[in-house]
Amino acid sequence: MTVATQTLPVIGHVVGGKAIETAARYQDVFNPASGRAVARLALASKAETDAAVEVAHAAHRDWAATPVAKRAQVMFRFKVLLERDADRICQAIALEHGKTVDDARGELGRGIEVVEYACGAGELLKGEHSKNVGPGIDAWSEFQPLGVVAGITPFNFPAMVPMWMFPMALVCGNTFVLKPSERDPSASLIMAELLAEAGLPAGVFNVVNGDKEAVDALLAHPKVKAVSFVGSTPIAELIYKTATANGKRVQALGGAKNHAVVMPDADLDAAVSAMIGAAYGSAGERCMALSVAVCVGDAVAEDLIAKLKPAIAAIKVGAASQSGIDMGPVITKASQEKIKGYVDAGVADGAELVVDGRAIAVEGHANGYFVGPCLLDKVTPEMSVYTDEIFGPVLCIVRVKTLHEAMDLIDAHEFGNGTCIFTRDGEAARYFTDAIQVGMVGVNVPLPVPVAYHSFGGWKRSLFGDLHIYGPDSVRFYTRRKAITQRWPSSGIAEKTQFAFPNMAR
Ligand code: NAD
């Protein structure tokens, strides 16, 4: 350990309402714009993670018995506190993630929308009731909490993705253990602090920072009843297989390669303006980032490139601390090298590099992990730049002849998170939305991220599990149904014993 790292602030865990900062292992948290460590993160051991699950388990009985309106009231207060402390949260995200403060505000806002949805828990958890299903018999189904649920989240949305999970899990009556990304852990700890200020009882929401050791402990612990995961596909698949084998309910959202089909009749100016933000915003580090433009016809490709080039040249790349920045660095040095490697491979495979951002230099930030926007034309489906999720500011152009060819290409891809079509043709758009094998589809909308009252989830290898995240699916995911049949005979006369299977309708 160097002398410099010893003076860095320590980021720990919050368990049972108490901050824990000691650990056997630590890892540095970096500012990607400077390449310098800004904090040391305590990495939870198996024993520490197990202890957090036990704390959450102990808090469950009282929390589950708390009236749903009181659980929702905590979320009302939490929403107000998130808005009050938005600056603090967004500055922490910008420092550790590298995205612009405006972009962080956007993600925080989408997280707050889920909190607002959770405020309607009383309505969402009403259940279903049937009176007189037989003589003197009523029946109903209700939603009961599962117990302790765990959330494991990625680096790219350190506030929004945890909020895709815990607000709904909590109002449904569960207690929660969150394992945030080790790259940008501060937003989760601020949210834990605000939940406590909002009146959430200690132990109901816990944050355990760490790496594989903490995750493995959560997946193995018998008191963890469900796991929500968001991250890369290989880890999503691993989490799904391990946790389901351990008897847990799992939703594991993975990676993506999102295609936009550009039709010959599209409004190209509107499409370019939308595509620039969707491809290069947040340095392409979004699971719904646009990474492939599928141009129907060579003329569309030529016109699109002619309009994209000046728009890309106008993108301002820099540190979040600088003003007027559109796009920050990528998350790590390794990620920067990986992204550049993909562009190198694309060129070696025969793609045409129309805009090269590999050698970008940001003044005053020589050690930052910057990659400028890259545009590759004449990409073909067997190239790694097309097959793999790059998770960086790289847009590939693939040329096809027909809409059907475009759709076959999208359907054949291993990922099925998001896609969109730019067109003025309602019939083509309707056919596309109906038939395409992708979970979230936009028409002239490049980032079709569903609002909080529609659930979010991809198809194919972009999601492992049956239920999507947030929205109506989250009520199903974070509860189990109990069906109750109840008889209160009014006469008090005992019924004749029946040996046939009970059948109230006949
Ligand atoms: P990641 O898979 O590396 O990490 C996600 C989480 O898993 C982190 O908390 C990490 O600590 C943990 N983890 C990593 N390796 C592990 C291992 N071997 N065993 C157990 N746990 C492990 O993902 P990331 O780099 O943080 O995030 C980027 C990825 O997330 C991209 O692939 C992106 O597409 C995806 N993502 C998907 C969605 C979606 O909704 N589908 C949303 C956001 C991000």
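1. In this note, Ala, Val, Leu, Ile, Met, Phe, Trp, Tyr, Cys and Pro count as nonpolar, Asp, Glu, Lys and Arg as charged, and the others, Gly among them, as polar. By that division, the shell around the ligand has 13 nonpolar, 8 polar and 4 charged residues.

2. This is a predicted model, in which local features need pLDDT of at least 70 and side-chain atom pairs count only at pLDDT 80 or more, while totals for chains, interfaces and linings use all residues. Residues are numbered from 1 along each chain as its sequence is written, and side-chain values use heavy atoms, with hydrogens and water left out.

3. Among the 25 residues around the ligand (a residue is near a molecule if one of its heavy atoms lies within 4 Å of it), those that come nearest are Lys 179, Glu 182, Ser 232, Gly 254 and Glu 389.

4. Consider next the polar contacts, pairs of N or O atoms within 3.5 Å. The side chain of Lys 179 has an N or O atom 2.7 Å from an oxygen atom of the ligand, and a polar side-chain atom of Glu 389 lies 2.5 Å from a ligand oxygen atom. At Gly 254, a polar backbone atom is 2.7 Å from a nitrogen atom of the ligand.

5. The ligand has 850 Å² of accessible area on its own (Shrake-Rupley method, 1.4 Å probe), and the protein covers 86% of that area.

Technical notes
Polar contact = N/O pair within 3.5 Å; in protein donor to acceptor, adjacent residues only side chain to side chain.
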